[in-house]
Amino acid sequence: MTAISHHVPDGMIAAYAAGTLGYPFELVVAAHVSMCDECRALLAAHEAAGGVVLEVAAAAPVSGDLKARTLAALDRPVRAEPRPVHRRSGIYPGPVAAALGAAGPRWQTMGGGVRQCILHEGTAGSVRLLSIPPEQAVPEHSHGGTELTLVLQGSFDDETGRFGVGDLEVADGSLEHTPVAGAGMPCICLAATDAPLRFRAWLPRLVQRYFRI
Ligand SMILES: [Zn+2]
């Protein structure tokens, strides 16, 4: 694997460590951290810092009731899945393989050879796999919120640079971009948004309504 050059922003790692990200972003961060030593070290540092805060809180003189409740809270699992894991299934990092289940992805054709597999949709946004044929462009779009795109196979280029396997693009509402898949093989990405994408052309907008993206 080539070196990863686009990482999870520090603030997002901190939010992940604190368990405050919604599931779609949490899954993408867990998948990237599973693939990236640098972000794994950063996450460990954040989690250690969080542990220190909890130790200080536990050492402070508090009422017996508060102490009991704090200890009870510490007893519970800190956070539900997804957690970073090294285990992989083909191109899919552990957290994605777990979300897919034993059956693997159920692809839905979107036209032009583009396929998607929706993993989750909810109030915190959506997360899906996208497969883009080699050298094909995704329609130009901007974002109402934030879009995270993690490359699992192949690569894509857009106005901001090149993204290969393991690279994470963080696009906010100010970015209008036209990602183009690299040559040789389909680009498969894990993409999460906290708001619907906004396509500029009318045909993608129709497709968007139909395919709920
Ligand atoms: Zn990283």
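## Working through a zinc site and its neighbours

With four donor atoms at angles of 95 to 121 degrees, the zinc ion sits in a tetrahedral site. Keep in mind that this is a predicted model.

**Exercise 1. Work out which residues hold the zinc ion, and why the site's geometry gets the label it does.**

Step 1: list the donors. They are His7 through ND1, His32 through NE2, and Cys36 and Cys39, each through SG. The distances run from 2.1 to 2.3 Å.

Step 2: check the angles. Four donors count as tetrahedral if all angles lie between 85 and 135 degrees. Here the angles are 95 to 121 degrees, so the site is tetrahedral. For reference, the ideal angle for four tetrahedral donors is 109.5 degrees.

Step 3: read the spacing along the chain. The donors follow H-x24-H-x3-C-x2-C.

Step 4: see what gets tied together. Histidine 7 lies in the segment before helix 1 (10-18), while cysteine 39 belongs to helix 3 (residues 37-59). That pair is 32 residues apart and links distant parts of the chain.

**Exercise 2. Decide whether histidine 7 and cysteine 39 are buried, partly exposed or exposed.**

Step 1: recall the cut-offs. Buried means under 20% relative accessible area and exposed means over 50%, with partly exposed in between.

Step 2: apply them. Histidine 7 comes in at 22%, so call it partly exposed. Cysteine 39 has just 2%, so it goes down as buried.

**Exercise 3. Find how many salt bridges the whole structure has, and describe the one made by arginine 40.**

Step 1: count. The search turns up two.

Step 2: take arginine 40. Its side chain meets that of aspartate 37, with 2.4 Å from N to O.

Step 3: place the partners. Both are in helix 3, three residues apart, so about one helical turn separates them.

Step 4: look at accessibility. Arginine 40 is partly exposed at 24%, whereas aspartate 37 is exposed at 58%.

Step 5: don't forget the other bridge. Arginine 162 and aspartate 157 pair up through their side chains at 2.7 Å, N to O. Aspartate 157 is partly exposed, at 27% relative accessibility. As background, side chains of opposite charge can pair when their charged atoms come close.

**Exercise 4. Say what stands out about the phi angle of glutamate 135, and where in the fold this residue is found.**

Step 1: check the sign. Phi is near 65 degrees, a positive value in a residue other than glycine.

Step 2: locate glutamate 135. The residue is in the loop between strand 5 (125-132) and strand 6 (141-143).

Step 3: add the surface view. Glutamate 135 has a relative accessible area of 60%, so it's exposed.

Terms used: Residues are numbered from 1 along each chain as its sequence is written. This is a predicted model: local features need pLDDT of at least 70, side-chain atom pairs count only at pLDDT 80 or more; totals for chains, interfaces and linings use all residues. Side-chain values use heavy atoms; hydrogens and water are left out. Donors are N, O and S atoms within 2.8 Å of the metal (3.2 Å for Na, K and Ca); water is not among the atoms, so sites may look incomplete. Four donors count as tetrahedral if all angles lie between 85 and 135 degrees; four count as square planar and six as octahedral if opposite donors are over 155 degrees apart and all others between 65 and 115; anything else is irregular. Helices (H or I, at least four residues) and strands (E, at least two) are DSSP runs, numbered from the N terminus. Buried means under 20% relative accessible area, exposed over 50%, partly exposed in between (1.4 Å probe, protein chains only). A salt bridge is a side-chain nitrogen of Lys or Arg within 4 Å of a carboxyl oxygen of Asp or Glu.
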